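Here is a short walk through a single protein chain, from its overall build down to a few residues worth a look. Keep the viewer open as you read.

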Amino acid sequence: MHIRHATLDDEDTLGRLDRATWSTLHAVAPRPQPPYEPFYGERFGPRDHLVAELDGVLVGYIRLGFPTPLACNAHVRQIQGLVVAEKARGAGVGRALLRAAQEEARRLGARRITLRVLGHNAPARRLYESEGFVVEGVLPEEFLLDGAYVDDVFMGRSL
């Protein structure tokens, strides 16, 4: 497995991966419909993504950003997306991306890293907990997805 920064050339592949893995297990936005928005935009570009390749094929990404635009919390980075292709799940891709994001956040001078995860996403929560993230807050029944109310769980850890 190879982890690297994303490039402009990865945009189409990342967009297809994002659409192929869409699920209310982790997404609160509606399922994307054609014509599709570009994967990169004003807020996030290649520099904000680390990608995982298996045998030269892009199989996952993690997006690392700031939780707010405020200078007073610029020491915090937030994971704002983690996707692994169905065919690559269980191969350690998510864990490798998570570890790479933590290292990248440290390299950029961050002292903390945070994320938000839906309460019913047990596989993701187990992964985050196994990597030292702890629940720091819960917004009960924050989202209505597929007819069920779902908690928004805030997790974080020091770096």
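A contact here means heavy atoms within 4.5 Å. On that basis, 62% of the contacts in the protein chain with a separation of 6 or more are between residues 24 or more positions apart. Bear in mind that this is a predicted model.

**Overall build**

Let's start with the secondary structure. The protein chain has three helices and seven strands, and reading along the sequence gives the pattern β-α-β-β-β-α-β-α-β-β. The radius of gyration is 15 Å, close to the 15 Å that the globule rule gives for 159 residues, so the chain is as compact as a globular protein of that length. Taken along the principal axes, the C-alpha atoms fill a box of roughly 40 × 40 × 30 Å.

How much of the chain is buried? Of the 159 residues, 42% count as buried. As for the outside, the accessible surface comes to about 9100 Å², and carbon and sulfur atoms hold 52% of that. On the charge side, there are 20 positive and 21 negative side chains, with the centres of the two sets 5 Å apart.

**Salt bridges**

The count of salt bridges comes to ten. Three of them are set out here, with the N to O distance for each.

| Acidic residue | Basic residue | Closest N to O |
|---|---|---|
| Glu53 | Arg4 | 3.1 Å |
| Glu131 | Arg99 | 2.9 Å |
| Glu104 | Arg107 | 2.8 Å |

Take the salt bridge of Glu53 with Arg4 to begin with. This pair links distant parts of the chain, with Glu53 in strand 2 (residues 49-54) and Arg4 in strand 1, 49 residues apart. Is Glu53 buried or exposed? Glu53 counts as buried, because its relative accessibility is 16% and the cut-off for buried is under 20%.

Now for the bridge between Glu131 and Arg99. Here too distant parts of the chain are linked: Glu131 is in the loop between helix 3 (122-130) and strand 6 (134-145), while Arg99 is in helix 2 (residues 93-107), 32 residues apart. Glu131 has a relative accessibility of 10% and so counts as buried. Arg99, on the other hand, is partly exposed, with a relative accessible area of 48%.

The bridge of Glu104 with Arg107 is a local affair within helix 2. Because these two residues are three apart in that helix, about one helical turn separates them. Glu104 counts as buried at 12% relative accessibility, whereas Arg107, at 56%, counts as exposed.

Salt bridges that share partners also join Arg4, Asp10 and Glu53 into one network. Where does Asp10 sit? Asp10 is found in the loop between strand 1 (2-5) and helix 1 (11-20). With 8% relative accessibility, Asp10 counts as buried. Leaving aside residues up to four places away in sequence, Asp10 touches Arg4, His5, Tyr40, Val51 and Leu58. So one of the contacts of Asp10 is Arg4, which also bridges to Glu53.

**Backbone oddities**

A few spots are worth checking in the backbone. Most residues other than glycine have a negative phi, and most peptide bonds are trans. Which peptide bond is cis? The bond from Pro34 to Pro35 is cis, with omega near -5°. Pro35 is placed in the loop between helix 1 and strand 2.

Then there are two residues with a positive phi. Glu141 has phi near 50°, a positive value in a residue other than glycine. Glu141 belongs to strand 6 and is exposed, with a relative accessible area of 53%. Asp146 also has a positive phi, near 50°, again in a residue other than glycine. Asp146 lies in the loop between strand 6 and strand 7 (148-158). At 69% relative accessibility, Asp146 counts as exposed.

Conventions:
Residues are numbered from 1 along each chain as its sequence is written. This is a predicted model: local features need pLDDT of at least 70, side-chain atom pairs count only at pLDDT 80 or more; totals for chains, interfaces and linings use all residues. Side-chain values use heavy atoms; hydrogens and water are left out. Helices (H or I, at least four residues) and strands (E, at least two) are DSSP runs, numbered from the N terminus. The radius of gyration is taken over C-alpha atoms; the globule rule is 2.2 Å times the number of residues to the power 0.38. Buried means under 20% relative accessible area, exposed over 50%, partly exposed in between (1.4 Å probe, protein chains only). Accessible areas come from the Shrake-Rupley method with a 1.4 Å probe; for residues, only the protein chains shown count as cover. Lys and Arg count as positive and Asp and Glu as negative; His and the chain ends are not counted. The place of a charge is taken as NZ of Lys, CZ of Arg, CG of Asp or CD of Glu. A salt bridge is a side-chain nitrogen of Lys or Arg within 4 Å of a carboxyl oxygen of Asp or Glu.
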